[in-house]
Amino acid sequence: MKASKETLLWMYEKMQEIRHYEETMAQVYLEGKLPPNIQKGLAFDIGSGPVPGEMHLAAGQEPVAVGVCAHLTDHDTVVGTHRPHHFAIAKGVPLDAMTAEMFGKVTGLGKGKGGHMHLFDPQRNFSCSGIIGASLPPACGAGLAAKKLGKDWVAVAFFGEGAANQGSVHESLNLAALWQLPVIFICEDNKWAISVPKDKATSIEWVADRASAYGMPGIKVEHNDPVAVYEAAGTAVERARRGDGPSLIEVKTDRYLGHFQGDPEVYRPKDEVANLRKNDPILRLAAQLRDAGQMNEAEDAAITARARQRVEDAFAYARASAYPEPRDALQHVFA
Amino acid sequence: MNSTRKLTMAQAISEAIGQEMERDPTVFVMGEDIGKYGGIFGATGGLLDRFGPDRIMDTPISETAFIGTATGAAAAGMRPIAELMFVDFFGVCMDQIYNHLAKNTYMAGGNLKLPVVLTTAIGGGYNDAAQHSQCLYATFAHMPGLKVVVPSNAYDAKGLMIQAIRDDNPVMFMYHKGIMGLPWMAYYEGSSGEVPEEAYTIPFGEAKVVRPGSDLTIVTLSQMVQKSLLAADELAKQGVNAEVLDLRTLVPLDRAAVLKSVAKTGRLLIADEDYLGFGLTGEIAAIVAENLDTVALKSPIKRLAVPNVPIPYSRPLEQFVIPQISHIVDAAQQIMKTRVTEGAYA
């Protein structure tokens, strides 16, 4: 499946938006967390500032999200990971409510109860989890529901290469193949499970090779390239919509930032990220669009400005929003 | 030969593990990011350099596999330490913990020893939300077959860790992130302290009066000990003399220490960071209630804990549900103002 000009431009704009979102969040996240405004002796305080708690950013991993979500509608389900922003943005989750959630504001997706690893947008069938390997079972459930309801909706489960060694992953792959569920499993291989590299954690080189053991296609995307992801995902989504069952796609991608913000990254070679950034997929897609005459400089500037403005607006909205009342903590345990 | 220096709780724990590894070649550690990273919460800092990757083993993200491996290796003569990064992750491996590690000794009629230490990080207070902030020690204490250790400071943590490694039973060693003394998370200064260099043990089941008092007893544990001590300072300014009892271990539980203190003060506040319902606070209150023939209460018991909601992300919400120093002070003052009924029953 070849990407149209419109799709390429959509992917480009979404990648710009995701990148600017993650880079903005990386800066905002540091507010209030550094000396001298924190406990004496600390280098960093994870619990301070307008966006406290853990923060896992996906700069560099944009191609995985846009290449897959370009095929989806609001009816289709996406279940993301603890590093969920790129998926949420590509799925069309409103940026203002998503950002307000990370600021802990009452206008957030979960009224401030969930935070950045726990974003829920039922209207667009998006969710995620802070538990590794937890995305696959609920994606199977969404696929089963579509099948029972007679719809051609599909479900996508994103998971990292580190999650590929969790029991839930293997159980879900078997179940989806056994029941021929319309699910696309996307393994994002960013090479690092916090500090543990893939070759110290996984018994084979490609997680996608495990697909054959479950009786489903295993597709390898060897480059961090949105067009390649788009083409691989297109085949898998079509197959799922036809009722021909699940697929497993593995994408080699790059994590530009730490596992979480504040990660000292003592485990990572010093020049690794600089080398990865030389292969920035956003710059490469921009060059491709220009070379093909599909985007001129003015159009590029307009796209970039639009994407950045949406991010700026979302952060302004989140900052201006009110916190929930403390007693609101007692609400919503049950529906 | 009693040389001491000030250590954080994380340093005290890794020192204890290192000393036991020197002493006993069957001790080894498995877990996620415990090697070069030294454990996300520093509990294995420096151990990879000393002992190498054969004894300090980074694992795949496969908790069922490596915790089950710990059980199997223990049955075969090793003394494994396995780290479950956050206690919240128990969901992916509870079958190996509860249906096997905790029960096999019993089902074998006592003919099987499983000397496993399962270390895990607990607690909130830094906005990590519902899947990374729980305490859950009562969940593990509820289940027969696991000893449960919940230290509040560096000195206790070292002695309890060495005791745990030498114990022939499965021990859950649960350390609160907010007292580990990490350079990236606010912590209570009282949790770091003087720790002897040489190895020592602290027996399980011995609670400690960390502040003597006469007006009411605060029974507590883990980070809440540090909060309770600061609350007791504030209460003292207000004319209330609180005794603070650090349980240190939940299994075995030092019931006698609870009863002795409450018999002395006649008032009981239980300060806990786990969920309120069906948990530690109810257990401690029940122990006192069952002994009212020998222990006289002047005021009704009060319980402070998370009010049966998941831990919310947003700061004002989290500060509301996790008991704070001011909540302890307020609850203690309320206790001081109430009286048990003297009415007679028909």
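**Exercise 1. The contact between the chains**

How many residue pairs are in polar contact between chain A and chain B? Describe the rest of the contact too.

*Solution.* This is a predicted model.

- Step 1. Count the polar contacts. Chain A and chain B share 21 residue pairs in polar contact, both residues at pLDDT 80 or more.
- Step 2. Sort the chain A side by class. The side of chain A that touches chain B has 26 nonpolar, 16 polar and nine charged residues.
- Step 3. Look for salt bridges across the contact. The count between chain A and chain B is zero.
- Step 4. Add the extent. Chain A gives 51 residues to the contact, and chain B gives 41 residues. Between them the chains bury about 3500 Å², with 61% of it on carbon and sulfur atoms.

**Exercise 2. Aromatic rings**

Find the aromatic pairs and describe two of them.

*Solution.*

- Step 1. Take the total. Over all chains, the structure holds 12 aromatic pairs.
- Step 2. Look at A:F87 and A:F158. Their rings are stacked, 3.9 Å centre to centre, with 15° between the planes. A:F87 sits in helix α3 (residues 85-91) of chain A and A:F158 in strand β3 (residues 155-160) of chain A, 71 residues apart. Both A:F87 and A:F158 are buried.
- Step 3. Turn to A:F103 and A:F315. This pair is edge-to-face, 6.0 Å centre to centre, with 80° between the planes. A:F103 belongs to the loop between α4 (95-102) and β2 (126-127) of chain A, while A:F315 is in helix α11 (residues 297-320) of chain A, 212 residues apart. A:F103 and A:F315 are buried.
- Step 4. Find the cluster. A:F260 joins B:F41, B:F86, B:F89 and B:W184 in one aromatic cluster.

**Exercise 3. The surroundings of A:W192**

Is A:W192 buried or exposed? List its contacts as well.

*Solution.*

- Step 1. Place the residue. A:W192 lies in strand β5 (residues 192-193) of chain A.
- Step 2. Check its accessibility. A:W192 has a relative accessible area of 10%, so it counts as buried. The cut-off for buried is under 20%.
- Step 3. Set aside neighbours within four places in sequence. A:W192 is then in contact with A:E161, A:P197, A:R255, A:Y267, A:R268, A:P269 and A:E272.
- Step 4. Pick out the polar contact. The side chains of A:W192 and A:E272 make one at 2.9 Å.
- Step 5. Compare sequence and space. A:W192 and A:Y267 are 75 residues apart in sequence, yet 9.7 Å apart from C-alpha to C-alpha.
- Step 6. Follow one partner. A:R268 forms a salt bridge with A:E265, with the closest N and O atoms 2.9 Å apart. A:R268 is buried, because its relative accessible area is 8%.

**Exercise 4. Salt bridges**

Which residue forms a salt bridge with A:R124? Then examine a pair in chain B.

*Solution.*

- Step 1. Recall the principle. Side chains of opposite charge can pair when their charged atoms come close.
- Step 2. Take the total. There are 34 salt bridges over all chains.
- Step 3. Find the partner. A:R124 pairs with A:D121, the closest N and O atoms being 2.8 Å apart. Both A:R124 and A:D121 are buried.
- Step 4. Move to chain B. B:E234 and B:K237 meet in a salt bridge at 3.8 Å, N to O. Both lie in helix α8 (residues 223-237) of chain B, three residues apart, about one turn of the helix.
- Step 5. Check exposure. B:E234 is partly exposed at 30% relative accessibility. B:K237 is at 69%, so it counts as exposed.
- Step 6. Find the network. Salt bridges with shared partners join A:E13, A:K14, A:E17, A:R306 and A:R310.

Terms used
Residues are numbered from 1 along each chain as its sequence is written. Chains are lettered from A and ligands numbered from 1 in the order in which they are written. This is a predicted model: local features need pLDDT of at least 70, side-chain atom pairs count only at pLDDT 80 or more; totals for chains, interfaces and linings use all residues. Side-chain values use heavy atoms; hydrogens and water are left out. Contact means heavy atoms within 4.5 Å. Buried area is the accessible area (1.4 Å probe) that two parts lose on being put together, summed over both. A salt bridge is a side-chain nitrogen of Lys or Arg within 4 Å of a carboxyl oxygen of Asp or Glu. A polar contact is a pair of N or O atoms within 3.5 Å; within protein, one must be able to donate a hydrogen and the other to accept it, and residues adjacent in sequence count only if both atoms are side-chain atoms. Ala, Val, Leu, Ile, Met, Phe, Trp, Tyr, Cys and Pro count as nonpolar, Asp, Glu, Lys and Arg as charged, and the others, Gly among them, as polar. Rings of Phe, Tyr and Trp (its six-membered ring) pair if their centres lie within 6.5 Å; planes under 30 degrees apart count as stacked, over 60 as edge-to-face and the rest as tilted. Helices (H or I, at least four residues) and strands (E, at least two) are DSSP runs, numbered from the N terminus. Buried means under 20% relative accessible area, exposed over 50%, partly exposed in between (1.4 Å probe, protein chains only).
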